[in-house]
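Trainee: I am new to this structure and would like a close look at one part of it. Please keep the sentences short and take me through the details.

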Amino acid sequence: MKRAVRAILVFTLGFPFLPVLGAEWIVPGLTNAPGRNETFFKSDLKLRNTSASPVDVTFALIPILGGDAAPASRRIGAGETLVLPNALEELFGPGDRVGAARVTASGGLLISARTYNSADPAGTFGLALEAEPTEKLLVAGQTGHIGWVSESAESSTGFRTNIAIVLAEPGSSVDALVFGTAGKELGRRTFSGGPLATQVNIREIAGAALSELSVARLELRVTSGKVTGYSAVVDNVTGDGFAVQPQRITPGSWTDVYLDGASRGPGRFETFFRTDVRLVNPESVSRKVAVRGVSLVAAGQPYSGSLTVDVPARAVREVNDILRALGAPEGTSGSLRFETDGPLLVLGRTSNIRADGSTFGAVQKTRAPDRYLVKGLTGSFIGLTHGSETPGYRTNVGFLAGPAGAVVDITLRDRAGVSLSSRAGAVSLGPYAFFQPSLGDLFPEVTIPENSTLEVLLGDGTVDVYASVIDNGTGDPVIYSFAYPEIELPPNFSVTSPCAPKEGSAGGVAAGTNLSRVVIDLDRYPEAVCNDGTPGLFYVRKGTGASSNRWIIYLEGGGFCGEGTACAMRWCSIDTNFGADKMSTRFLTAKGIGIGGILFTGPINAFTDFNKVWVYYCSSDSWTGRVASRYLTDETGRAYTINFQGARILEAVISELRGGVTYKDAASDQSMALPSLDDAEVILFAGESAGSGGVQRNVDRLAPYFASTNRNPGRLVVRGIMDAANEPSNESFPTYQSSRQSSLRVFGVLMAGRMDESCLTFHPADAWRCADPAHVRENHITTPFFLRQDLIDPNTTDAFGTPEWPFGSQLYQYAQATWDHLDRLSRIQSTAEEKAGISMNPGLYGPHCDNHTALRNNPKFLEDKVSNGTGLFSYHDTMRNWLLGNEPGVVLEARPASEPAPRSAVCNP
């Protein structure tokens, strides 16, 4: 039988020939008019032509104040930046005006906008505005969430909030709903018509409920047309505002996002910066949000801290001075991570706090790792200025690396697009490392002109980047996220493949009635999809008797693919024993499946009466991926996109199991209901092959989660079960480090995958070790686990006899390496790098039957036997012993000393 193709663990992610999208944008909130408390607001607009030829741009005003105006036009040369310091006056003439601009261009643009209060001679107080492509505006059936509303009862203190609504096309309509701190609806108002822009104070929507408006939020529920808007939150003392534009929240998605540039401490020019956080729960169930410091530094030393914030259903929580809440001293800065088991909107605001408590602040969006810059995309910041003069501005640039670290190339261009300096590898960061230099520090030998462009290009890894532009006179920051031209990605590989999909010769499931089929509802979990976009699914059987609250959650295996050619060949089952059935669920039509091994229903199986869940594998990512529409090319140059969403499928299944799954029994066709996973007494989290890799990557994350959601605190037992985990490793082999680095690029970068978090923390300078499954097993898995590994796994010997083979010239030497790895595992309580967190040594079963997997095969699980010198023991019996605390819980074939390696006492075909 042909073996699974070993994916080439090097990939290139490039977009040089893809067409640029985005010929029309809406820029909301442009102003040239006075405001309350002796303020005067203007807006600047900066547009950079990203194409190689001139671009013609048309500006049309959608007015709130000042009436209609004739459209204006400009031509922008190739690579040039058009700067309009007072955009409304320069485009549409003098006079008080407020409104949104519709920008139409013949080519690609990057657009930066800022509305600022210019009344103070010392400097400006500004807020950033994002231009939105019209094809990405909110449409009928969508909801935009604006997470920051704050209105004070007194106009001399606190904040005031204005809400702007832009109806971008005729017949548009939106319901604007205001919710208070506790999630109570405080008021709603419908806006209809278009093209139309309007602005109202939040009290005109929420009535007089001022006591609940200090920490509130807004939802824009669109019923027709296209809509956008924002909240403008203005400090009543300083006149400084910040804008919060609507964000969509993906239903069913577990949140894992990062806030870059959190700060608590003094800055230049007698400033003091503090970061506040808003957590918005849009759903009808409460959430526990884990907040952790990432690369925090206090007084030059690493600082770690964490807390849990309870956010009730539909509520909003504000944590002022989040770093202080984490126990951090003054002088701390870095990034924060927010995780919870459902949709959550997280916003930050870093402010310069004056002695009287008033603020100059800027809002910060959070970003998930799958939204970081990747190799092949250039992120840009346009219109930057850096200097120490007053009046004037200085610019800081923040970098937060992803799990594989980052190597960043940077280029500085002037307003005409001419390169002033390029620095390859200017920033090099370890995993999750944070670095915030000034623009001057990045280009120390360059005089930085006004309205420069900073380009950021990844040489390796992934990175999130922001630019904080701070007024030297007022200390007010305006924070910009990186931008890049919208590009048109090719369709999914299943559409572009030149060959028909073909099911593989391995990894299939047989129709039967033991476990019954449940398809994941993509309306509830839109990210829980296979490589080709079909919905993930799982199979279940209800437990009985004393085992009614005991569970086996089994992750199916089936190899993986990590670059364009391997994934394309996998779809067609070329040079691999897997096929399209491991990338899609379109081939699974039977109501149920047959099962064996640990899932077998029969008296000889100690686990027969457990609740059983088989999660089908169709993501080709070892259950780690969290990214949609990843761009790949095969060896012919054919481009396509593919989903790697294994972690999302797993999370959707867990959410469903917690709620209690109702299913149609495949045998009786009767409706059945599983108990809630929250009542579990035992959870065996099991997998084989790629499924074993999924257990390894997720068990330390999920075990404490299961404990935290369990209704019987302290009683739950969670164990990992890994079958055919992977080959051992040889750290002295010349290509060991480079191969692990390549693997980290695939799982950590290409798939935006979950890695063992404690390993990454332990290895900030050599994170590639965390892409070595053997190293992770020996050092970093703290949840108790049982491992079976054949001493000579035939699915890991493809390279035997080649220069790439790191285990000697004879197979028994490979068996020795495997035996030695298992032997080391038996002592990890005293040898692991994280031994203090390991409560018990693993259970182990090491036969030599030349089998890859055995966990779901009756003869291999129940009947094969290994002698430990005192008797013969099966896989089943050894695992049961270990789970019950009996002996032997470790049974290994004798360590081979020559060729051929000795075989186990009983080996079924």
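Trainee: Take the disulfides, and start with one cysteine: does Cys-770 count as buried or exposed, and at what relative accessibility?

Mentor: Keep in mind that this is a predicted model. Cys-770 counts as buried, because its relative accessibility is 6% and the cut-off for buried is under 20%. Its partner is Cys-759, and the two are joined by a disulfide with an S to S distance of 2.1 Å. The torsion about this S-S bond is about -95°, so the link is left-handed. Cys-759 sits in helix H10, residues 757–762. Cys-770 sits in the loop between H10 and helix H11 (773–779). The bond therefore ties together parts that are eleven residues apart in sequence. Cys-759 is buried too, with a relative accessible area of 0%.

Now place that pair among the others. The structure holds five disulfides. Number the bonded cysteines of the protein chain in sequence order, and the pairing reads 1-5, 2-6, 3-4, 7-8, 9-10.

Turn to Cys-530 and Cys-618. They form a disulfide with sulfur atoms 2.1 Å apart. The torsion about their S-S bond is about -70°, so this disulfide is left-handed. The pair links distant parts of the chain, 88 residues apart. Cys-530 is in the loop between strand S34 (511–519) and strand S35 (537–541). Cys-618 is in the loop between strand S38 (611–615) and strand S39 (627–633). Cys-530 counts as buried, at 0% relative accessibility. Cys-618 is buried, also with a relative accessible area of 0%.

Next come Cys-849 and Cys-907. Their sulfur atoms are 2.0 Å apart, and they form a disulfide. The angle about the S-S bond is -80°, and the link is left-handed. Again the bond links distant parts of the chain, here 58 residues apart. Cys-849 belongs to the loop between strand S46 (843–846) and helix H14 (858–863). Cys-907 belongs to the segment after strand S49 (890–892). Look at how the two ends are covered. Cys-849 counts as buried, at 5% relative accessibility. Cys-907 is partly exposed, with a relative accessible area of 26%.

Stay with S49 for a moment. Pro-888 lies in the loop between helix H15 (875–884) and S49. The peptide bond from Glu-887 to Pro-888 is cis, with omega near -5°. Another cis peptide bond joins Gly-194 and Pro-195, where omega is about -10°. Pro-195 is in the loop between strand S14 (185–193) and strand S15 (196–201).

Two loop residues deserve a look at their backbone angles. Tyr-432 is not a glycine, yet its phi is positive, about 60°. Find Tyr-432 in the loop between strand S30 (419–429) and strand S31 (434–435). Tyr-432 is buried, with a relative accessible area of 10%. Asp-669 also has a positive phi, near 65°, and is a residue other than glycine. Its place is the loop between strand S41 (662–664) and strand S42 (671–673). Asp-669 counts as partly exposed, at 41% relative accessibility.

Now a helix pair. Helix H7 (residues 646–659) packs with helix H8 (residues 690–709) at an angle of about 20°, and their axes are 13 Å apart. H7 and H8 are therefore roughly parallel to each other, since angles under 35 degrees count that way. Their crossing is right-handed. From H7, the residues Leu-650, Glu-651, Ile-654 and Arg-658 take part in the contact. From H8, they meet Asn-698, Arg-701, Leu-702, Tyr-705, Phe-706 and Thr-709. The contact residues divide into five nonpolar, two polar and three charged.

Finish with two leucines in strands. Leu-336 is in strand S25, residues 332–340. Leu-336 is buried, with a relative accessible area of 0%. Leaving out residues up to four places away in sequence, Leu-336 touches several residues, including Val-257, Tyr-258, Arg-292, Ile-322 and Leu-326. Leu-138 lies in strand S10, residues 138–139. At 5% relative accessibility, Leu-138 counts as buried. With residues up to four places away left out, its contacts include Thr-143, Leu-220, Val-222, Lys-226 and Pro-246.

Conventions: Residues are numbered from 1 along each chain as its sequence is written. This is a predicted model: local features need pLDDT of at least 70, side-chain atom pairs count only at pLDDT 80 or more; totals for chains, interfaces and linings use all residues. Side-chain values use heavy atoms; hydrogens and water are left out. Axes are lines fitted to C-alpha atoms, for helices over the stretch in contact, and angles run from 0 to 180 degrees between N-to-C directions. Helices (H or I, at least four residues) and strands (E, at least two) are DSSP runs, numbered from the N terminus. Angles under 35 degrees count as roughly parallel, over 145 as roughly antiparallel, 65 to 115 as roughly perpendicular and the rest as oblique. A crossing is left-handed if the near helix is turned anticlockwise from the far one by less than a right angle, and right-handed if clockwise. Contact means heavy atoms within 4.5 Å. Ala, Val, Leu, Ile, Met, Phe, Trp, Tyr, Cys and Pro count as nonpolar, Asp, Glu, Lys and Arg as charged, and the others, Gly among them, as polar. A disulfide is a pair of cysteine sulfur atoms within 2.5 Å. Buried means under 20% relative accessible area, exposed over 50%, partly exposed in between (1.4 Å probe, protein chains only).
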